[in-house]
Amino acid sequence: MPQDPTERRVVVTGVPRRTLPHSRLRSGGRYPHRLGHHRPRTEIDEQTTLGHTYVRSLMRSQLRAALVVFAVLVLLVAPLPLVFAAMPDGAGLEWAVLGFGIYPPLVLLARWHVRRAERNEQDLVRLVEDR
Amino acid sequence: MNEKYAVPAVALVVVATVFVGAFGLRISRTTSDFYVASRTVGPRLNAAAISGEYLSAASFLGIAGLVLVQGPDMLWYPVGYTAGYLVLLLFVAAPLRRSGAYTLPDFAEARLASKTVRRLAGAFVVGVGWLYLLPQLQGAGLTLNVLTDAPQWLGGVIVAVVVAATVAAGGMRSITFVQAFQYWLKLTALLVPALFLVLAWQGDGAPRHAFDEPASFREQRVVRVDATLDLKLAEPLTVTVSGTVDGRRHDDARIDLPTGTHRVERGTRLTFTEGDPVPVADRGSNGGMSTSLAEGREERPLYATYGLILATFLGTMGLPHVVVRFYTSPHGVAARRTTVVVLGLIGAFYLLPPVYGALGRLYAPELTLTGDADAAVLLLPDRMIGGLGGDLLGALVAGGAFAAFLSTASGLTLAVAGVLTQDVLPARGVRHFRLGTVLAMAVPLAASVLVGGLPVADAVGLAFAVSASSFCPLLVLGIWWRRLTPPGAAAGMLAGGGAALLAVAATMAGYPGTGAFHALLAWPALWSVPLGFLTMVLVSLATPSRVPAETPAILARFHLPEELVGGQPGAASKEIELWRR
């Protein structure tokens, strides 16, 4: 492994930080590369059944979020070649859609997904931290 | 084209690349700096670096050339290159960063605890990387050839030397700065000339028949045919010929060619008059990949289009130089946000090549005959504006093109060298990394000098097909499916990626001439991607006892946000040890 484990060791002293990286990112756009220790999450840390349930439910919600956006992408893109082929003068439309029109929806889909995925993660963090 | 300004522009880009790289060298001291810039690269810098790395010769020159020759269907290339990042964001970005692995082989080993799968993934990384490096070097050769009439191999050699030196000297840290710098350089180099070209087009009365099929000549134009070709005429054409057509020599004679196919020998000069439709060139007789791909497209356009869409949408996530970039994000959330910025940046860039393609159809339609369509972007400023302004804009475009070759080649070299250092060479460490760099660059350089003549964007498309059939199943199933086993992963990569690789090789060798079978081989993604997924799932289900014992812990690591998983986000195997404690 290229990563040398002895580097960048950080001594953690004082009270654990309570700010989550998400809220920090939202407020300032600064990126802490080290995250403070929080209360022990024993279920997850010790890989109990409950810990597994947390992970599974997070994976399920994240996969669902991803598949929904993917389905929208497929529905958006898949019919296009057929439409262009079927239309008598599809070339003009093809230039407009592929040259320009398709990019904004792609970026919007990406932003929508990021928001959903981060919310899923925060929900889990809140659930685990506030128990 | 005037080389007075273009050569200094190219030289300036090369010097600036080395200089920015040297700036990174001063702060790149540890091994970790070397490979992943110590994982401290913020999302804006990282997004610009990812975009700079991703926008290759295929994007800068190839798309405009393809659109010029084959029409708007080719716009699916930039759309696919962009949408690939959306798919990567949906299924891969954050878990991949949280896996803590550095290369695709690292990921395979961390997820499946298998040396065999690791080696197989390494072999595919090197294969895809070399397949992708080849067109970069050839694009550089073409650019220098168009600008200065230098021999075709010289540009490739310059790029190879500069890239190997920068990568070996500075590693990832310097590459990050170089790439980010080169994104903005490339955007400027296409945007500024495009604005002037559009103004020139408007001043010309804004002719709109760029979208007509077929393109036609706007003024009298002399075309020199560099390689023997067959002209397909849909209607009779009167043309002035100096040279040999259909086996008969003509000397500046005006002849009538009836409808049908006519053979034009190399070296012939054809003079077309205003309003003549641009005839369709068919290079089937002298081999070459663009022909075979284009023919597959002509016969089965819908199949080819869907094959292209699938390959680019799913192939992006498996490109070695793209994946490495995600390890430099500080955490999973940043990796996701970085990807959104990347989508915006490359989407903005891809608005430009179609402009050049459309203008090329208007002002340089004869490029479809000379076989140098990839040079359209370079030739347009001179053709449409001319004079000092045209020369300066042409120089800017040339500099941007070189930035494209340098940045993509750097990223690919870094990824391939990383695999070679870790899995092939006996010892690791910085000195062997430098040896790996030289090896990573030497093979495609030799191939580009020896083989020559692959059209840039098509060759890149083939690399995407192989990546989509091998790494896409590995990443998606590895991240989302608990029952993946090492034998399943190995079999899936071999079946999907191997089949795609063989199909690509057969197409490049010109094996089956025509027919449905040929289209299947030229655009393999549509069957090889499902084959890869299916094999991986079925073999995994057949070997349930081989599911790695750490799977739940590893998947938890992939998906849990960092704040729930204390400890250093370091290399994957270290993480697993942490988990077991």
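Which residue takes a positive phi in the hairpin of β3(B) and β4(B)? Keep that one in mind, I'll get to it in a minute. First, a reminder that what we have on screen is a predicted model.

Let's start with the overall picture. Chain B contains 24 helices and seven strands. Of its 581 residues, 62% are buried. And if you take the contacts in chain B with a separation of 6 or more, 82% of them come from residues 24 or more positions apart.

Chain A is another story. There we get six helices and zero strands, and 27% of its 131 residues count as buried. For contacts between residues at least 6 apart in chain A, the share that joins residues at least 24 apart is 58%.

Okay, back to the hairpin. The residue is Asp246(B), with a positive phi near 55 degrees, and the hairpin has two residues between its strands. The strands themselves, β3 (residues 237-245) and β4 (residues 248-257) of chain B, run antiparallel and are joined by eight bridges. If you want one pair to look at, Thr240(B) has Arg254(B) as its bridge partner in β4(B). β3(B) also pairs with β6 (residues 269-272) of chain B, again antiparallel, through three bridges. Over there, Ser242(B) sits opposite Arg269(B).

Now the packing. The largest nonpolar core has 208 residues, and the members that touch the most others are Leu86(B), Val159(B), Ile346(B), Ala376(B), Leu380(B) and Ala398(B). Take Ala376(B): past its neighbours within four places in sequence, its contacts include Ala64(B), Gly65(B), Leu68(B) and Tyr356(B). There's also a second, separate core of twelve residues, and among them are Leu231(B), Val239(B), Val245(B) and Leu257(B).

One of those core residues, Ala398(B), turns up again as a contact of Thr143(B), along with Gly155(B), Leu378(B), Ala401(B) and Phe402(B), leaving out residues up to four places away. Thr143(B) belongs to helix α8 (residues 115-148) of chain B. Why do we call Thr143(B) buried? Because it has 28 C-beta neighbours inside 10 Å, and the cut-off is 20 or more. Gly399(B) is 256 residues away from Thr143(B) in sequence, yet their C-alphas are 9.8 Å apart.

A helix to click on next is α22(B), residues 525-542. Its 18 residues reach 25 Å from first C-alpha to last, close to the 26 Å expected. Its buried residues include Ala525(B), Ser528(B), Val529(B), Gly532(B), Phe533(B) and Met536(B). The buried set covers an arc of only 160 degrees around the axis, so they end up on the same side of α22(B). That fits the textbook: an α-helix has 3.6 residues a turn, so residues three or four places apart point the same way. On the face turned away from the buried side you find the exposed Leu541(B) and Ala542(B).

Last thing, confidence. Chain A averages a pLDDT of 74, with 61% of the residues scoring at least 70. Among its elements, helix α6 (residues 103-129) has the highest mean, 92, and helix α1 (residues 21-28) the lowest, 44. Residues 1-5 of chain A are below 50, and that stretch has 15 contacts in the model beyond near neighbours in sequence. Residues 12-40 of chain A stay under 50 too, with 36 contacts beyond four places in sequence. Where pLDDT is low, the predicted coordinates should not be read in detail.

Definitions and conventions:
Residues numbered from 1 in each chain as written. Chains lettered and ligands numbered in written order. Predicted model: local features only at pLDDT ≥ 70, side-chain atom pairs only at ≥ 80, totals over all residues. Helix = DSSP H or I, 4+ residues; strand = E, 2+ residues; numbered from the N terminus. Expected span 1.5 Å × (residues − 1). Arc of directions from axis to C-beta. Core = buried A, V, L, I, M, F, W, Y, C linked by C-beta atoms within 7 Å. Contact = placed C-beta atoms within 7 Å. Pairing = 2+ DSSP bridges. pLDDT = per-residue confidence, 0-100.
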